[in-house]
Amino acid sequence: MMFNEKDHFFMEEALKEAEIAFKEEEVPVGAIIIGPEGEIIGRGRNQMIKLNDPTAHAEIIAIKEACQNLGNYRLLGCKMYVTLEPCPMCAYALVLARIEELIFATKDKKTGACGSIYNIVQDQRLNHRLKIREGLLKEKAQNILKNFFKLKR
């Protein structure tokens with residue numbers, strides 16, 4: 001997979017969100033949404049415990065913020081950078097939001113819905129499909145998750 005300097009910059013921003021989640025004792029996942037003009041329009045990190053909300057995943061929070069910033073429920077021409085492959089809920093939210101491209105750092109072999117267990121974001125039966133690139137800063141994302149779960153055990 002080809003990644004450029006901007007890709008690295010935006011994934012680093014997603015990793016910063018994951019690090020904040022780690023400090024807040026949430027599963028350390030971070031997400032960033034880039035608007036059609038190339039600027040950050042949404043940020044999110046897992047906040048399920050803090051908000052008492054099982055839907056408060058990084059991707060959902062970033063989508064909500066991006067939609068508010070654009071004044072539209074459709075995120076046409078936008079990209080998401082996320083540190084962990086989205087789950088089924090988040091994957092379908094990406095489809096509904098019409099995100100153009102998903103870039104994620106590491107696969108989720110237990111609940112991944114963008115190629116690992118399911119591939120909701122590219123399902124031909126749905127009316128929108130996303131481009132996917134994976135593996136950007138994979139080791140950094142994996143290390144944050146490993147360190148978090150070591151502390152929990």
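## A tour from Glu17 to helix 4

Start by selecting Glu17 and Arg45, which form a salt bridge whose closest N and O atoms are 3.1 Å apart. This pair links distant parts of the chain, since Glu17 belongs to helix 1 and Arg45 to strand 2, with their positions 28 residues apart in numbering. Both Glu17 and Arg45 are buried, and this is a predicted model, as you should keep in mind at every stop.

Keep Glu17 selected and add Arg43, a second salt-bridge partner of Glu17, with the closest N and O atoms 3.4 Å apart. Here too distant parts of the chain are linked, Glu17 lying in helix 1 (residues 5-23) and Arg43 in strand 2 (residues 40-45), 26 residues apart. Colouring by accessibility shows a contrast within the pair: Glu17 is buried, with a relative accessible area of 7%, whereas Arg43 is partly exposed, with a relative accessible area of 27%.

Next, select Lys152 together with Glu25, whose salt bridge has its closest N and O atoms 3.9 Å apart. Lys152 is in helix 5 (residues 138-152) and Glu25 in the loop between helix 1 and strand 1 (30-34), so that the pair links distant parts of the chain, 127 residues apart. Lys152 counts as partly exposed, at 47% relative accessibility.

To see how Glu17 fits into a wider set, select Glu13, Lys16, Glu17, Glu24, Arg43 and Arg45 together, which salt bridges with shared partners join into one network. The count of salt bridges in the model comes to 13.

Now move to helix 4 (residues 88-97), where Cys90, Ala91, Ala93, Leu94, Val95 and Ala97 are buried. Against which elements do the buried residues of helix 4 pack? Show helix 3 (58-70), strand 3 (79-84) and strand 4 (101-106), and you will have the elements against which they pack. Arg98, which follows helix 4, has a positive phi, near 65°.

Finally, show helix 3 and helix 4 alone and look along their axes, which come within 9 Å and cross at roughly 20°. Because angles under 35 degrees count as roughly parallel, helix 3 is roughly parallel to helix 4. The crossing of these two helices is left-handed. To display the contact itself, select Glu59, Ile60 and Ile63 of helix 3 with Met89, Cys90, Ala93, Leu94 and Ala97 of helix 4. Sorted by class, this contact of helix 3 with helix 4 has 7 nonpolar, no polar and 1 charged residues.

How values were computed: Residues numbered from 1 in each chain as written. Predicted model: local features only at pLDDT ≥ 70, side-chain atom pairs only at ≥ 80, totals over all residues. Heavy atoms only, no water. Salt bridge = Lys/Arg side-chain N within 4 Å of Asp/Glu carboxyl O. Helix = DSSP H or I, 4+ residues; strand = E, 2+ residues; numbered from the N terminus. Buried < 20%, exposed > 50% of the residue type's maximum accessible area, 1.4 Å probe, protein only. Contact = heavy atoms within 4.5 Å. Axes fitted to C-alpha atoms, helices over the stretch in contact; angles between N-to-C directions. Parallel < 35°, antiparallel > 145°, perpendicular 65-115°, else oblique. Left-handed = near helix turned anticlockwise from the far one by under 90°. Nonpolar A, V, L, I, M, F, W, Y, C, P; charged D, E, K, R; others polar.
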